[in-house]
Amino acid sequence: MAPLLSLKSVSKRFGAVVVADNIDLSLNEGEALGILGPNGAGKTSLFNMIAGVFSPDAGHIYYRGSDITKLTAAQRCRIGIGRSFQIPQPFGGLSVFENLCVTGFFGARGDHATVEARAVEVLDLTGMLPKANALASSLTLLERKRLELARALAGNPKLLLLDEIAGGLTPHECEDLIAAIRKIRATGVSVIWIEHVVHALLAVIDGLFVLNQGAKLAEGDPRTVMDSPEVHEIYLGVEADA
Amino acid sequence: MSAQSFRIERATPESRIALAAGPWWMDRNDMRLAGEFFVYLGLATLWNLLAGYAGLVSVGQQAYVGIGGYCLFALAIFLGVPPVLTVPLAGIVAAIIAVPVSWLVFRLKGAYFAIGTWVVAEVFLLLASQWSSLGGGSGISLPISLIRSIGSSRAMREYIIYYETVGVTVAIIVAVYILLRSRWGLALQAIRDGEMAAETCGVSVANAKRLLYVVACAGAAMIGALIFMSKLRISPTAAFSVNDWTAFVIFITVIGGIGRIEGPVIGTILFFLLRETLSDLGAWYLIVLGAAAVGVMLFAPKGIWGLLADRFGWQLFPVGRRLVLTGGNTPSAPSSSNT
């Protein structure tokens with residue numbers, strides 16, 4: 001069976017800056033993959049290419065065996081790729097609930113009853129239910145990050161791309177987030193998670209992919225990868241306790 | 001996770017009363033002024049849809065007002081179509097023209113799009129000036145026989161044109177309201193708040209914008225046909241006037257509140273109040289209008305309606321979806337009403 005998502009020799013550069021250098025990546029249905037790397041390593045650019053914000057200069061992206069390299073971001077959302085933005089991009093003039101309805105109607109393409117029920121379910125899961133009718137522009141940064149997760153989930157994704165949603169959380173909030181992502185995984189959703197909060201990442205993922213300067217530095221079992229000398233070198237003193 | 005019981009509310013009781021009390025301006029006796037009011041209300045509602053929701057800041061909507069006006073004269077004079085029936089036809093013709101124009105101007109973004117649409121409108125002005133069978137640069141009047149075909153007496157004609165104008169504008173507002181309450185309204189508001197995020201949430205931004213542009217251009221042309229049916233005379237400079245059909249319309253939308261249905265309504269009322277009280281001041285009138293626009297943009301960028309709506313939670317045209325949990329806990333700002 002074809003993997004859920006695979007990237008084959010994907011490359012992208014902006015002028016002299018190489019953000020993706022011949023990346024090969026594969027994710028099977030139901031798996032959770034963590035992506036680590038220093039700032040500017042090309043992690044978010046990788047998400048932008050998977051989600052269709054921009055296309056690679058070379059290489060192909062396959063989803064469930066079919067080539068999606070040429071699909072628009074909207075089309076990729078509809079086939080089940082949900083994405084949260086590192087810098088939250090809420091629809092400020094809409095309520096939290098309505099933000100979720102956008103992905104429900106246009107991503108999951110559900111009818112009213114399905115979309116609304118799914119939105120309520122996701123709000124409950126992410127702890128955003130008390131804020132359901134608040135304008136998204138009135139939310140705090142942490143609430144906006146939770147909205148990013150909730151909005152992506154409301155589209156019923158098969159593959160969820162999470163971009164740094166644990167930063168700035170208290171230990172207790174972080175536990176809640178880990179529990180929520182585990183619940184999401186239990187429903188059969190595959191996850192790729194970019195995160196600097198390594199202990200949160202390790203609590204959820206089955207595989208780890210480390211990027212540096214657009215190129216793959218290491219890949220494999222999370223513990224083994226974290227203990228490898230290359231990863232130590234770029235992370236030494238930064239996340240050494242993780 | 002426990003299943004939550006809930007229902008969705010589309011309006012608050014206060015907003016329903018306001019909606020019912022909405023048409024208070026209908027019994028104005030100055031029919032000409034009221035007709036003009038509805039012309040500007042319709043144009044501003046359409047411009048608000050373009051700029052306020054889709055981010056398409058067009059400075060060239062006068063192109064379609066002019067096309068609508070010329071459709072009236074061309075269809076009535078050359079094909080003998082009754083003037084009253086040219087209005088929907090003008091909408092269709094403009095929609096057909098707007099499709100290839102959109103291929104051209106949609107290649108441009110932001111300020112370049114604004115300038116591009118203006119240039120396109122100037123091109124249409126020049127084309128109309130070359131149309132010698134419709135009077136070329138000096139324009140043409142509607143022949144007496146065609147004027148009589150609108151209505152037998154002058155009062156009758158003004159009555160018919162007035163009610164057609166009201167009908168078209170009310171239809172535009174109702175259509176925009178229905179559109180914004182639908183799932184497509186959610187998509188348009190999402191595009192307004194963030195194009196990239198909307199696209200990532202499954203909204204085909206480019207298609208939505210093109211469709212909206214074509215529809216807004218068709219609406220502008222229908223109003224254009226009505227404007228020149230009441231004027232009984234058309235010339236290229238009057239038909240394609242950037243001042244009359246775009247600058248004032250932008251002023252109305254910006255002071256009223258861009259990105260809300262109520263904005264153009266409030267803006268048109270304010271514009272007519274200012275115009276009727278200040279028109280004796282000559283050039284000062286335009287200076288006051290300009291100063292008012294600058295003031296609103298600096299101190300109330302969401303417009304007068306945005307200011308009021310934010311402070312008091314007012315809605316004339318409720319388009320939102322309120323989640324009301326019917327079980328135990330209720331989200332913030334509970335409401336006791338039922339739908």
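## The four-stranded sheet of chain A

Let's start with chain A, where four strands line up as E2-E1-E4-E5 in an open sheet with antiparallel pairing. The edge positions go to strand E2 (17-27) and strand E5 (66-67) of chain A; each has a single partner strand, so one side of each is left without a neighbour in the sheet. Keep in mind that everything here comes from a predicted model.

Inside this sheet, strand E1 (residues 5-14) and strand E4 (residues 58-63) of chain A run antiparallel and are joined by five bridges. If you want a spot to look at, find A:Lys8, whose bridge partner in E4(A) is A:His60. Helix H1 (residues 43-51) of chain A lies across E1, E2 and E4 of chain A, and runs at about 60° to E2(A).

## The six-stranded sheet of chain A

Chain A has another open sheet, this one with six strands in the order E6-E7-E8-E3-E9-E10 and with mixed pairing. Here strand E6 (81-83) and E10 of chain A sit at the edges; each pairs with a single strand, so one side of each is left without a neighbour in the sheet. On average, and ignoring direction, neighbouring strands of this sheet are turned by 15° against each other. H1(A) turns up again, packing on this sheet and touching E3, E6, E7, strand E8 (190-194) and E9 of chain A. The direction of H1(A) makes about 150° with that of E7(A).

Where does the mixed pairing come from? Take E9(A): strand E3 (residues 32-36) of chain A and strand E9 (residues 207-212) of chain A pair in the parallel sense over four bridges, while E9(A) and strand E10 (residues 215-220) of chain A pair in the antiparallel sense over five bridges. On the parallel side, A:Leu36 has A:Val210 in E9(A) as its bridge partner. On the antiparallel side, A:Leu208 stands opposite A:Gly220 in E10(A). E9(A) and E10(A) make a hairpin with two residues between them, and A:Gln213 in the turn has a positive phi of about 50°.

## Two domains in chain A

The domain assignment splits chain A into domain 1 (1-80 + 160-166 + 192-242) and domain 2 (83-157). Taken over C-alpha atoms, the centres of domain 1 and domain 2 of chain A are separated by 24 Å.

As for how they touch, 12 residues of domain 1 of chain A are in contact with 12 residues of domain 2 of chain A. On the domain 1 side, H1, H2 and strand E7 (159-163) of chain A each supply at least two residues. E7(A) gives the most to that side, with four residues. By class, the domain 1 side divides into seven nonpolar, two polar and three charged residues.

## Where chain A meets chain B

The contact between the chains takes 36 residues from chain A and 28 residues from chain B. On the chain A side, the elements that give two or more residues are helix H2 (73-78), helix H3 (96-106) and helix H4 (112-125) of chain A. Which of them gives the most? That would be H3(A), with seven residues. Sorted by class, the side of chain A that touches chain B has 19 nonpolar, nine polar and eight charged residues.

## Helix pairs in chain B

Over in chain B, there are helix pairs to look at. Two packed helices are described by the angle between their axes and the distance between the axes. Helix H7 (residues 154-181) and helix H8 (residues 183-193) of chain B pack at an angle of about 85°, with their axes 4 Å apart. That angle makes H7(B) roughly perpendicular to H8(B). B:Leu179, B:Leu180 and B:Arg181 of H7(B) make the contact with B:Trp184, B:Gly185 and B:Leu188 of H8(B). By class, that contact has four nonpolar residues, one polar and one charged.

Further along, the axes of helix H12 (residues 242-256) and helix H13 (residues 262-278) of chain B come within 7 Å and cross at roughly 115°. This pair, too, counts as roughly perpendicular, and the crossing of H12(B) and H13(B) is right-handed. Among the residues that meet here are B:Phe248, B:Phe251 and B:Ile252 in H12(B), and B:Val265, B:Ile266 and B:Phe271 in H13(B). The contact of H12(B) with H13(B) has nine nonpolar, five polar and no charged residues.

Definitions and conventions. Residues numbered from 1 in each chain as written. Chains lettered and ligands numbered in written order. Predicted model: local features only at pLDDT ≥ 70, side-chain atom pairs only at ≥ 80, totals over all residues. Axes fitted to C-alpha atoms, helices over the stretch in contact; angles between N-to-C directions. Parallel < 35°, antiparallel > 145°, perpendicular 65-115°, else oblique. Left-handed = near helix turned anticlockwise from the far one by under 90°. Contact = placed C-beta atoms within 7 Å. Nonpolar A, V, L, I, M, F, W, Y, C, P; charged D, E, K, R; others polar. Pairing = 2+ DSSP bridges. Domains from an automatic or database assignment.
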